[in-house]
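I sat down with this model to note what could be looked up in it, beginning with one residue and its surroundings and working outwards to the whole chain.

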Amino acid sequence: MHRVSILEDGSGPRKILALGAHADDIEIGCGGTILRLLEENPATNVYWVVMGATGQRRTEAIQSANLFLANAQRKEIVVKEFRDGYFPYIGTEIKDFFEELKRKYLPDLILTHYHRDLHQDHRLVSELTWNTFRNHLILEYEIVKYDGDLGAPNLFVHLNASIARKKIQTIVGSFKSQEQKSWFTEDAFSSILRLRGIESNAPEKYAEGFYCRKIVY
């Protein structure tokens, strides 16, 4: 498998934009990659955006983001309150926010939802990411859930066991409101990391999978 060096050896992006529709989306989809990037590139700035979270979920989102971004040189955490499940129907408001975001922050790397995710909120965030940021490196992350919409990623970020464990423990420890959900378990989070590790021949067993539509070397 061919390796590219955009995320390692100190040559990684210095400005990252992480976008998630809901609290815990970023952590589940690409939390390990963010931890690895910050470990290898301490001078990294991260703009972390959760589009819809209120009440306890908002508190959890901020707590978790701070833990994942502990090693960032600079961080900005934004939690909006767009209505869960209704993103396509309030698309004008969300589009306005994306336009505002484009004026505020020019990232080297954008992490966003998979464009074929079956959750309508996730799909809209992915669509607006591509509509808004047209000359950027965009990696789309995946989330295991009931819909059964996992695909075949074409880019993998290898994780060591320590980062994989930290990702899972931080998610489980931060989002107590999700403990009763059947999918919110350590073994579920570990399983997808292990599966993508097998697919990409990860030397330490674990990986996160992404979809990359365009990349220029």
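**Entry 1, Thr-33.** I first looked up the contacts of Thr-33 and, leaving out residues up to four places away in sequence, found that it touches Val-157, Leu-159, Glu-208 and Phe-210. I note here that the model is a predicted one, and I read every value below as computed from it. Thr-33 has its place in helix H1, which runs over residues 25-40. Is Thr-33 buried or exposed? Its relative accessibility is 1%, and because the cut-off for buried is under 20%, I entered Thr-33 as buried.

**Entry 2, Ser-126.** I then turned to Ser-126, which I located in helix H4, made up of residues 120-132. Its relative accessibility came out at 0%, so I entered Ser-126 as buried. Which residues is Ser-126 in contact with, once its neighbours within four places in sequence are left aside? I listed Thr-112, His-113, Tyr-114, His-115, Glu-140 and Arg-213. I also looked up the spacing to Leu-111, which is 15 residues away along the chain, and found 9.4 Å between the C-alpha atoms of Leu-111 and Ser-126.

**Entry 3, strand S1.** Next I went to strand S1, residues 15-22, and noted that it is mostly covered, with seven of its eight residues buried. S1 pairs with strand S2, residues 45-52, and I recorded seven bridges between them in the parallel sense. For Ala-18 I looked up the bridge partner in S2, and this is Trp-48. As a reminder to myself when reading such a pairing, side chains in a regular strand alternate between the two faces of the sheet.

**Entry 4, the whole chain.** Stepping back, I counted six helices and seven strands in the protein, and from the N terminus on I wrote their order as β-α-β-α-β-α-β-α-β-β-α-α-β. The radius of gyration is 16 Å, close to the 17 Å that the globule rule gives for 217 residues, so I noted the protein as being as compact as a globular protein of that length. The C-alpha trace spans about 45 × 40 × 30 Å along its principal axes. Among contacts with a separation of 6 or more, 79% are between residues 24 or more positions apart.

**Entry 5, surface and charge.** Of the 217 residues, 53% count as buried, while the protein exposes about 10700 Å², of which carbon and sulfur atoms supply 48%. I closed with the charges, finding 28 positive and 29 negative side chains, with the centres of the two sets 3 Å apart.

Key. Residues numbered from 1 in each chain as written. Predicted model: local features only at pLDDT ≥ 70, side-chain atom pairs only at ≥ 80, totals over all residues. Heavy atoms only, no water. Helix = DSSP H or I, 4+ residues; strand = E, 2+ residues; numbered from the N terminus. Rg over C-alpha atoms; globule rule 2.2 N^0.38 Å. Buried < 20%, exposed > 50% of the residue type's maximum accessible area, 1.4 Å probe, protein only. Contact = heavy atoms within 4.5 Å. Areas by Shrake-Rupley, 256 points an atom, 1.4 Å probe, with all protein chains shown as cover. Lys, Arg positive; Asp, Glu negative; His and termini not counted. Charge placed at Lys NZ, Arg CZ, Asp CG, Glu CD. Pairing = 2+ DSSP bridges.
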